[in-house]
Amino acid sequence: MENIVDTNHLIHDKAFKCLIKKLKGEEIKKCIDAGSGKTSASILLKYFPTASVDAVIYPGDNRKKNPLENAIGSDRLEVIEVDLTKSCVRKNYDFCLVLLTLGEAQNFGNSFENLFHRIMDIKARWFVIYDIWEDPCVHYRYIEQYLKEKGFKIITKKKFRNPHPEHYPKVKFDKYKLEFDSKHYMGYLIKNLNIN
Ligand SMILES: C[S@@+](CC[C@H](N)C(=O)[O-])C[C@H]1O[C@@H](n2cnc3c(N)ncnc32)[C@H](O)[C@@H]1O
């Protein structure tokens, strides 16, 4: 019997459902959760009920490792501790989820650009990128320009209102500490045209 976290009430769940609408008919068997946690892993296990999920976290990130191992019970889930900016992911995937990962790049000493580039190097046919619209660490214009130049097509782009905004008081941005409120999320469904 599989045990996943109930995400039905979360805006991330509703947003994900909306973003993957245009995937209808696509066979999704192998997923990678690039920057995992119990929410994103559970969303993948729920919406792709026959797929395996590789849940990648930064080595030693026990904030995420413990809930992933304790709150979810599924043979389809594997937790993998690897720094995505240092090692290349060799496996091929049907789908890559990047949910609230890019804003955390600097927490582990990486630049937004480097983490984003390495994630987009993952050999996945489809990507969903989803992050806080107001987060100064996530450069949305850069994301869109990069995708256009590197053979990716944005199939769906949608902004979602966060019904429960949170205040982030001290977010590291280069040498500054900035604050913001998470009033919206921005999501993209992306097709990788470099892979058939
Ligand atoms: C805010 S959490 C993401 C939350 C998660 N998607 C969820 O729904 O619960 C950011 C995630 O990105 C991971 N991460 C950040 N930088 C990373 C890196 N360089 N390599 C691998 N994982 C990284 C962290 O370990 C963490 O799992």
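**Group meeting talk: from the core to the ligand**

The largest nonpolar core of this chain has 52 residues, and those with the most contacts inside it are Ile-32, Ala-34, Cys-96, Leu-97, Val-98 and Val-128. Strand 5 gives the most to this core, with seven residues. Please keep in mind throughout that what we are looking at is a predicted model. As general background, in soluble globular proteins nonpolar side chains tend to be buried together.

Let me take one residue of that core as an example, Val-98, which, if we leave aside residues up to four places away in sequence, touches Ala-34, Gly-35, Ile-119, Phe-127, Val-128, Ile-129 and Tyr-130.

Now let us step back to the whole chain. Its secondary structure comes to five helices and nine strands, and from the N terminus on the elements run α-β-α-β-α-β-β-α-β-α-β-β-β-β. The radius of gyration is 16 Å, close to the 16 Å that the globule rule gives for 196 residues, so the chain is as compact as a globular protein of that length. Of those 196 residues, 35% count as buried, and among contacts between residues at least 6 apart in sequence, 74% join residues at least 24 apart.

Next, two of the helices. Which residues of helix 4, residues 112-120, are buried? They are Phe-112, Leu-115, Phe-116, Ile-119 and Met-120. Seen down the axis of helix 4, these buried residues fall within an arc of 130 degrees, and so they line one face of the helix. The general background is that an α-helix has 3.6 residues a turn, so residues three or four places apart point the same way. What covers the buried residues of helix 4 includes strand 1 (30-34), strand 4 (92-99) and helix 5 (140-149).

Helix 1, residues 11-19, has Ala-15, Phe-16 and Leu-19 as its buried residues. Viewed down the axis of helix 1, they fall within an arc of 100 degrees, so here too they line one face of the helix. These buried residues of helix 1 pack against helix 2, strand 5 (123-132), strand 6 (152-161) and strand 9 (184-192).

Finally, the ligand. There are 22 residues around the ligand, and of these Gly-35, Gly-37, Thr-39, Ser-40 and Tyr-58 come nearest. Which element gives the largest share of this shell? It is helix 2, with three residues, while helix 2 (38-47) and strand 2 (52-57) each supply at least two. By residue type, the shell divides into nine nonpolar, eight polar and five charged residues.

Note on methods. Residues are numbered from 1 along each chain as its sequence is written. This is a predicted model: local features need pLDDT of at least 70, side-chain atom pairs count only at pLDDT 80 or more; totals for chains, interfaces and linings use all residues. A residue is buried if 20 or more other C-beta atoms lie within 10 Å of its own, exposed if 12 or fewer, and partly exposed in between; C-beta atoms are placed from the backbone. Helices (H or I, at least four residues) and strands (E, at least two) are DSSP runs, numbered from the N terminus. The arc is that of the directions from the helix axis to the C-beta atoms. Two residues are in contact if their C-beta atoms, placed from the backbone, lie within 7 Å. A residue is near a molecule or strand if its C-beta atom, placed from the backbone, lies within 6 Å of it. Ala, Val, Leu, Ile, Met, Phe, Trp, Tyr, Cys and Pro count as nonpolar, Asp, Glu, Lys and Arg as charged, and the others, Gly among them, as polar. A nonpolar core is a set of buried Ala, Val, Leu, Ile, Met, Phe, Trp, Tyr and Cys residues joined through C-beta atoms within 7 Å. The radius of gyration is taken over C-alpha atoms; the globule rule is 2.2 Å times the number of residues to the power 0.38.
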